[in-house]
Amino acid sequence: MKLLRLSIKEIRKKKFFSILILLVCVIAMQTVLSAITNATSAAYQQKIFESNIGVDMEQVLHLDYQYTEESPEFANVIRQYLDYIKELPGVQAVGQFDATGMYFSELENMDEYRAINGELLKGQKYENYPGISQLLSIDEEMLSFVKGGITEYATTTSGLLPLYVSEIFKDILSEGQILTDERTGDQYEIVGYIPTGAKWVEEDDLIRFPLISLKGWFIAPFTEQSRNDIMTQLSSLHNTYILLSDSADINFLKEQISTYPLQHGFEASAMLLSDEYKVYQSETATFTIRQMILAIFISIMAISSVVAVFTTNALLKKKQYGIWIANGFTLSDIAAEIAIEIFIIIFCSGIFAWGMKWIEFARSTDLFKTVLLTAHIRYTLPICIVLTFILTGIAALIPITKLLKYQPCELIGGDTNDND
């Protein structure tokens, strides 16, 4: 405790240099911690995907369209193509999903719905449209892909399309209630509720993008009209997956999937979801290595500055150290005091830099906000603390080594032969 108070006193005495070195360390640590958070968040995103994927990636092909048309007639071409794939040996099912904003006639002007939905939409692209409904259209085969809370569609008593609504609307929307799509006139019957913790894919990339909460969403199968709508089909293209049986010939299926389009005026291919994931892992590994190299380089630059300042300090404070020794301190005590000084500066700069990044992530509207924030708290904070001890040891090594080369008598004004 005595050495801690002394170290704080010494830091306060040289205010200018302390603030300057602290500023340098904060800037460096902010860059280092950003690199660490980016690297760990990429790894964390992989863990999220692995824990949420509900299928065997070795038995799923992902369709990729290289060239398509936007004519109304092309919707029929796509449907014929998907029907062709379904009939290939080894194919169990072909499924798609698509997220869109739409209006239900019964909800658009309902005050209770607008109040609840308006709160949920704040900060999102539909925040100025509290009467809109976010609908996730999914083929039944796709329901188990991620944690959407529903594994199969229930049969409606009315014969209409089944509709699942978020539990948050449970008090104002009841099972059996019928809702009408204002634009198309298609009707849906509410058959159940989406669990509060349910999630789905935000963007068109199942692997690279984080899942989002389905709180406030609706889930239903595609309508027959949407099956023939070119805009819906184009929106669903990248979200088309083929579920395979155990006996499926992957190479044969890939060949057939890529050959058929060439004969019908467009281009498409397929890749196993597991292979696609390996590509993503490779990209992530490269990105992580670059981030770590950047972190190491910046750390070396910052530590070099700290070493230079404290080594020079150790040389200039020989007389002061001599006075300390005359007052009962040992060289080990002085070495500990130097290490504590360095630790305080690096630790404070690290925590301050970590806090600044936390505030930045907490205020962010980035799609990856939750991933970044979780990685920053769960991984970057403990790494920051460990890094503080490592950097302190490295930074203190040279000035302490220099100090320990002195004999006590040299510091109090004598020489090594005890001659005054």
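This is a short tour of a predicted model, from its open sheet to a helix pair and one buried glutamine.

**Before you start.** Residues count from 1 along each chain as its sequence is written, and side-chain values use heavy atoms, with hydrogens and water left out. Because the model is predicted, local features need pLDDT of at least 70 and side-chain atom pairs count only at pLDDT 80 or more, while totals for chains, interfaces and linings use all residues.

**Stop 1: the sheet.** Show the strands. Helices (H or I, at least four residues) and strands (E, at least two) are DSSP runs, numbered from the N terminus. Nine strands form an open, mixed sheet in the order 5-6-4-9-3-2-10-1-11. Two strands pair if DSSP finds at least two bridges between them. Strand 5 (178-180) and strand 11 (267-272) are the edges; each has a single partner strand, so one side of each has no neighbour in the sheet. Neighbouring strands are turned by 30 degrees against each other on average, direction ignored.

**Stop 2: the edge at strand 5.** Select strand 5 and strand 6 (residues 187-194). They run antiparallel, joined by three bridges. Pick Thr-180: its bridge partner in strand 6 is Gln-187.

**Stop 3: the edge at strand 11.** Add strand 1 (60-67). Six bridges join strand 1 to strand 11, and the two run antiparallel. Asp-64 has Ser-269 of strand 11 as its bridge partner. Now show side chains along strand 11. Ala-268, Ala-270 and Leu-272 point to one face and are buried (under 20% relative accessible area, 1.4 Å probe, protein chains only). Glu-267, Ser-269 and Met-271 point to the other face and are not buried.

**Stop 4: helix 7 and helix 3.** Helix 7 lies across strands 1, 2, 10 and 11, at about 165 degrees to strand 11. Angles run from 0 to 180 degrees between N-to-C directions, with axes fitted to C-alpha atoms, for helices over the stretch in contact. Next, select helix 3 (residues 74-86) with helix 7 (residues 250-262): their axes come within 11 Å and cross at roughly 150 degrees. That makes helix 3 roughly antiparallel to helix 7 (over 145 degrees). Gln-80, Tyr-81, Tyr-84 and Ile-85 of helix 3 meet Gln-256, Ile-257, Tyr-260 and Pro-261 of helix 7. Contact means heavy atoms within 4.5 Å.

**Stop 5: Gln-45.** Select Gln-45 in helix 2 (residues 15-52). Is Gln-45 buried or exposed? Its relative accessibility is 3%, so Gln-45 counts as buried. Show what Gln-45 touches: Ile-207, Arg-208, Phe-209, Pro-210, Tyr-280 and Val-371, not counting residues up to four places away in sequence.

Notes
Angles under 35 degrees count as roughly parallel, over 145 as roughly antiparallel, 65 to 115 as roughly perpendicular and the rest as oblique. Buried means under 20% relative accessible area, exposed over 50%, partly exposed in between (1.4 Å probe, protein chains only).
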